[in-house]
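Q: Could you walk me through reading some features of this model?
A: Gladly; let us look together.

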Amino acid sequence: MSKPKVFVTRRIFPEALDMIAAKTHMELWEDELPPPKDILLEKAKDCQGILSLLTDELDAEFFKTAEELRVVSQIAVGYDNIDIAEATRRLIPIGHTPHVLNAATADMAFLLMMASSRRLVESQIFVKEGGWRTWHPMHFLGPNVYGATLGIVGMGRIGLEMARRARGFDMEVLYTDPNRRSPEDEQEFNLKYRDLDEVLAKSDFISLHVILTPKTHHLISKREFHFMKPTAVLVNTARGSIVDHAALYNSLKKREIFAAGLDVTDPEPLQKDHPLLSLDNCIVVPHIASASFSSRLAMSNLAAQNLLAGLNGERLPNCANPEVYGAR
Ligand code: GLV
């Protein structure tokens with residue numbers, strides 16, 4: 001039997017590439033930037049598998065073109081770049097990489113929380129630019145993290161990892177989610193279930209961990225910023241467009257909230273003349289929350305396993321649309 005043809009849209013860990021190359025005719029897109037749409041469609045025409053990134057738009061046109069496609073394996077936990085309804089309609093399983101990035105992502109959210117409140121980047125720039133002339137009791141003040149109230153919006157796997165970290169900082173944790181956690185979880189992590197408005201109004205730190213859907217698009221907008229404390233710090237490691245960036249800019253600029261730490265933005269990448277980057281109370285990093293060595297290695301391996309399972313007609317170890325199996 002001839003080997004299936006697969007297109008891998010960016011270089012991942014060599015271990016994972018070797019695994020794929022051993023079983024397939026693999027074509028690897030070597031550029032740093034994503035393959036342009038026309039190239040993606042061209043490759044789609046005759047490949048049976050694709051290993052995609054969140055920067056690849058796999059829309060209805062892609063699935064229509066990819067007539068031989070048997071599996072999509074995305075190296076990310078999120079898959080809002082994929083027309084999942086269309087894939088499901090065509091019975092194409094979509095693999096993704098949950099679990100293995102929970103700790104790294106929560107670490108980054110915690111880091112952004114601390115760096116934003118204690119003004120790490122702003123003070124580093126101050127030193128590098130020669131502004132440090134003396135110790136001053138009123139310089140670079142910011143809110144404490146230890147003992148503060150953390151609001152978690154979206155208490156899934158990564159939200160719970162945040163709560164785990166918050167325990168060590170003796171924080172009170174308020175959370176909101178369509179699904180309430182079990183009483184055991186609430187007790188173990190000292191979680192208090194509240195509605196979104198109350199979480200926003202009572203928290204010193206607000207960390208977003210919801211997936212992007214039409215319902216969560218601009219979940220945090222002008223109205224929501226008005227609820228927040230003037231000392232509040234907002235952290236987003238989920239998806240950029242969960243936050244209305246024009247409203248965020250206004251709130252930060254008018255100091256209606258204290259600061260924001262963003263791993264994700266809308267759009268991505270954020271151009272260097274974007275108004276948010278002119279603010280000293282906004283930290284932006286380039287969507288790197290899962291970028292620890294071990295997480296990215298595990299994501300690479302999981303993506304390879306999902307891809308190969310799909311090509312073999314086996315159930316994917318981590319499938320975003322398990323409905324495809326019910327329908328078979
Ligand atoms: C990164 O944002 C991911 O979804 O894995």
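Q: What should I notice just after H12?
A: This is a predicted model, and in it Gly-313, just after H12, takes a positive phi of about 75°.

Q: How many residues does H12 have, and how far does H12 reach?
A: H12, residues 293-311, has 19 residues. From first C-alpha to last it reaches 27 Å, close to the 27 Å expected at 1.5 Å a residue.

Q: Which residues of H12 are buried?
A: Start with the general idea: an α-helix has 3.6 residues a turn, so residues three or four places apart point the same way. In this helix, the buried set includes Ser-295, Met-299, Leu-302, Ala-303, Asn-306 and Leu-307. Near the end of the list come Leu-308, Ala-309, Gly-310 and Leu-311, which are buried too.

Q: What do the buried residues of H12 pack against?
A: Their partners are both strands and helices. The strands are E1 (5-8), E3 (49-52), E4 (71-74) and E5 (94-95), while the helices are H1 (14-23) and H5 (102-117).

Q: Which way do the residues of E3 point?
A: In a regular strand the side chains alternate between the two faces of the sheet. For E3, Gly-49 and Leu-51 point one way, Ile-50 and Ser-52 the other, and all are buried.

Q: Which residues stand opposite those of E3 in the strands beside it?
A: On the E1 side, 3 bridges join the two parallel strands, and Val-8 stands opposite Leu-51. E3 is also joined to E4, again in parallel, by 4 bridges, with Ile-50 opposite Val-72.

Q: What unit do E3, H3 and E4 make?
A: Together with helix H3 (residues 60-65), the two strands make a right-handed β-α-β unit.

Q: In what order do the 7 strands of the open sheet come?
A: Follow E8-E7-E6-E9-E10-E11-E12, with parallel pairing. E8 (191-193) and E12 (282-284) are the edge strands, each pairing on one side only. From one strand to the next, the twist averages 20°.

Q: How many bridges pair E6 with E9?
A: E6 (residues 149-153) and E9 (residues 205-208) pair in the parallel sense over 4 bridges. Look for Ile-152, whose bridge partner in E9 is Ser-207.

Q: Which strands does H11 touch where it packs on the sheet?
A: Helix H11 (residues 245-253) touches E10 (233-236), E11 (259-262) and E12. Its direction makes about 140° with that of E11.

How values were computed:
Residues are numbered from 1 along each chain as its sequence is written. This is a predicted model: local features need pLDDT of at least 70, side-chain atom pairs count only at pLDDT 80 or more; totals for chains, interfaces and linings use all residues. Side-chain values use heavy atoms; hydrogens and water are left out. The expected span of a helix is 1.5 Å times one less than its number of residues. Buried means under 20% relative accessible area, exposed over 50%, partly exposed in between (1.4 Å probe, protein chains only). Contact means heavy atoms within 4.5 Å. Two strands pair if DSSP finds at least two bridges between them. A crossover is right-handed if, with the strands pointing away from the viewer, the path from the first strand over the helix to the second runs clockwise. Axes are lines fitted to C-alpha atoms, for helices over the stretch in contact, and angles run from 0 to 180 degrees between N-to-C directions.
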